[in-house]
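Visitor: Please take me in close on one strand of this model, and then work outwards from there. I'd like to know what it pairs with, how covered it is, and what else is worth a look in the rest of the chain.

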Amino acid sequence: MAGERERRPAEARSPRMEPLARLPIFLALAGKRAVVAGNGPAVAWKAELLSAAGAAVEVFADSPCEELRALVVQAPRGAIVLHERAWQPQGFAGAAVAVGGLDDEADAQAFADAARAAGVAVNVIDKPAHCDFSFGAIVNRSPLVIGISTDGAAPVFAQAIRAKLEAMIPRGFARWADAARRWRAAVQASELSSAARRRFWQLFTGFAVTHPEREPVQSDFDAFLRQIRDEGMATDAGSVTLVGAGPGDPELLTLRAVRALQSADIILIDDLVAPEILDFARREAKKMLVGKTGYGPSCKQDEINALMIALAKAGKRVVRLKGGDPMIFGRAGEEISACHAAGIAVEVVPGVTAAQGAAARLGISLTQRRDARRLQYITGHGANGRLPEDVDWASLADPTATTVVYMPKRTISELATRAIAHGLAPDMPAVAVVDATRPGETIVTGTIEDIGARLAEAGSEGPTLVFIGRVFEGMSSRQKMPQSPAERASHRLASLGA
């Protein structure tokens, strides 16, 4: 558009993995040897876990406790052999892992050193300094298995999280995960295209999630294959999905948006999308920045349309990821029309628009029976980068309306002056919200007469909204939602525990 500085679409780097205290790995121990030394319930529990994973467990204990003796008789999976003597260094030969339950620090050090000398990964119970690996808390829906670790810092916290996950994940998922293991080879051998195979697993997952307690049967497998074949070439055809990323807080993403991100081949990203949103995307998906920001370098809309259509015609599932809701000041109409003209299937996934997100954080309803019977969204940024000439000033001056102005950072003072000249009361409350719902969210309160100066004085960068209306009367003295990430996290945890 006029006034834009051009830029080219560019590949975006996937978000880098944050540092890990421990690398979560899942060991294949079936038929492999595991050495366990020590005594007591904690040692018996570790031996039981190793047996459940299929390991052949050898336990060394001078005077084995009852838990260990009972475990030998009822091993979960792999055999457990009990040696009623102390461990010896030569006993590590050929072992895959070693676990020690040794209270004495010198004994623990000797056990760890001997295991490592034999090339065996070691865990010494409750002694992180001697551990090459840790067990963590486990949610077992095998072959679906979830491990939770706090690197030994807060085991009770890990157990609390495990309890919540246990309540959330149906036990029937174990049967569906096992069915996936059984059916994977048949899907690979079915001569389906890669897109059709992915479609099969999408159908499988959707059905499993909605029917978790049903026993998977062959007729389910056949039904999924039949549906894919009925869909025919549409499965392999490319498509475009316009996805609303919301105002910034990743927790405001819809489930449908998450599903779209997880099935995308290529994601075209606006600059206003919060980086954390991409954590929900399929890691293999290619990400491209096609930034459009007011008053900054922007990709041409025609260029974005052409790229989007070319990728879809090449058979790719394209997600056009937009901040807020794509249907509100997001140029969705132009992109939908371009897709229709090119014969490309296009779908829209709505998002929480910035006005909704900001109003929820402020805790103020935008419509109230006494003060506001009408809500209107306008843009403060025209095609030429200046205040639009076709603003309905009479509507803006209506004292019973709540107005939300999008992209007004450079035009709000001019808008206020002209609105007042057309009858808007100079003392009409106004609130500016910068970076709504994000960690750096800034709220500036005032009146329509002074909000421009107050916003400039705050000096905040980022996407900005200005709210105008009587519903914000006394806003500066109202209790606001917690602003810092730590405060918000404590509120969320409190609500989870409620």
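**From one strand outwards**

Guide: Ile-266 stands opposite Val-318 in S14. Bear in mind as we go that this is a predicted model. Ile-266 comes from strand S11, residues 266–269, which pairs with S14 in the parallel sense over four bridges. Val-318 has another bridge partner too, namely Val-240. That one brings in strand S10, residues 239–244, which also runs parallel to S14, this time over six bridges. So much for the pairing.

How covered is S14, residues 317–322? Six of its six residues are buried. Look at the two sides in turn: Arg-317, Val-319 and Leu-321 are on one, Val-318, Arg-320 and Lys-322 are on the other, and both faces are covered. That list holds two arginines and a lysine, every one of them buried.

For a strand elsewhere in the chain, try S3, residues 33–38, where five of the six residues are buried. Its partner is strand S4, residues 56–60, again parallel, over five bridges. One pair to pick out there is Ala-37, which faces Phe-60 in S4.

Now for the packing. The largest nonpolar core has 22 residues, and the ones touching the most other members are Trp-393, Leu-396, Leu-415, Leu-424, Ile-448, Ile-451 and Ile-468. Helices H12 (393–396), H13 (412–421) and H14 (451–458) and strands S18 (429–434) and S20 (464–468) each give two or more residues to this core. H13 has the largest share, with four residues. There's also a second, separate core of 20 residues, and here we meet S14 again: Leu-321 belongs to it, as do Ala-245, Ala-274 and Ile-277, among others.

Back in the largest core, Ile-468 makes a good place to stop. Setting aside residues within four places in sequence, Ile-468 is in contact with Leu-415, Leu-424 and Ile-448, and also with Ala-401, Thr-402, Thr-403, Val-405, Met-428, Pro-429 and Ala-430. Val-466 is in S20 as well, and it counts as buried because its relative accessible area is 0%. Beyond four places in sequence, Val-466 touches Thr-403, Val-404, Val-405, Pro-408, Ile-412, Val-431 and Ala-432. To get a sense of distance, go from Val-466 to Val-81: they are 385 residues apart in sequence, and their C-alpha atoms are 72 Å apart in space.

Gln-376 sits in strand S16, residues 374–379. With 12% relative accessibility it falls under the 20% cut-off, so it counts as buried. Its contacts from further along the sequence are Ser-395, Leu-396, Ala-401, Thr-402, Thr-403 and Val-404.

Some of those names come back when you look for enclosed space. There is one cavity of 30 Å³ or more, and it holds about 30 Å³. Leu-396, Asp-398, Ala-401, Thr-403, Leu-424, Met-428, Ile-468 and Gly-469 line it, which splits into five nonpolar, two polar and one charged.

The loop between S18 and strand S19 (442–447) has a couple of backbone oddities. Asp-435 lies there, and although it isn't a glycine, it has a positive phi of about 55°. Thr-437 is in the loop between S18 and S19 too, with a positive phi of about 70°. Asp-435 is buried, at 17% relative accessibility, and so is Thr-437, at 2%.

Last stop: the largest pocket, with a volume of about 1800 Å³. It is lined by 49 residues, and Leu-49, Ser-134, Phe-135, Gly-136 and Ile-138 are the closest to its centre. Helices H1 (41–52) and H4 (155–168) give two or more residues each, as do strands S7 (121–124), S8 (137–141) and S9 (144–148). H1 gives the most, six residues. By type, the lining comes to 30 nonpolar, 10 polar and nine charged. While you're in that area of the sequence, check the loop between S8 and S9, where Pro-143 sits. The peptide bond joining Ser-142 to Pro-143 is cis, with omega about 10°.

Notes. Residues are numbered from 1 along each chain as its sequence is written. This is a predicted model: local features need pLDDT of at least 70, side-chain atom pairs count only at pLDDT 80 or more; totals for chains, interfaces and linings use all residues. Side-chain values use heavy atoms; hydrogens and water are left out. On a 1 Å grid over the protein atoms alone, a cavity is a set of points where a 1.4 Å probe fits but cannot get out, and a pocket is an open set with protein on both sides within 12 Å along at least five of seven lines; lining residues have an atom within 4 Å of a point. Grid points are joined across faces, edges and corners, and a volume is the space filled by probe spheres set on the points. Ala, Val, Leu, Ile, Met, Phe, Trp, Tyr, Cys and Pro count as nonpolar, Asp, Glu, Lys and Arg as charged, and the others, Gly among them, as polar. Buried means under 20% relative accessible area, exposed over 50%, partly exposed in between (1.4 Å probe, protein chains only). Contact means heavy atoms within 4.5 Å. Two strands pair if DSSP finds at least two bridges between them. A nonpolar core is a set of buried Ala, Val, Leu, Ile, Met, Phe, Trp, Tyr and Cys residues joined through side-chain atoms within 4.5 Å.
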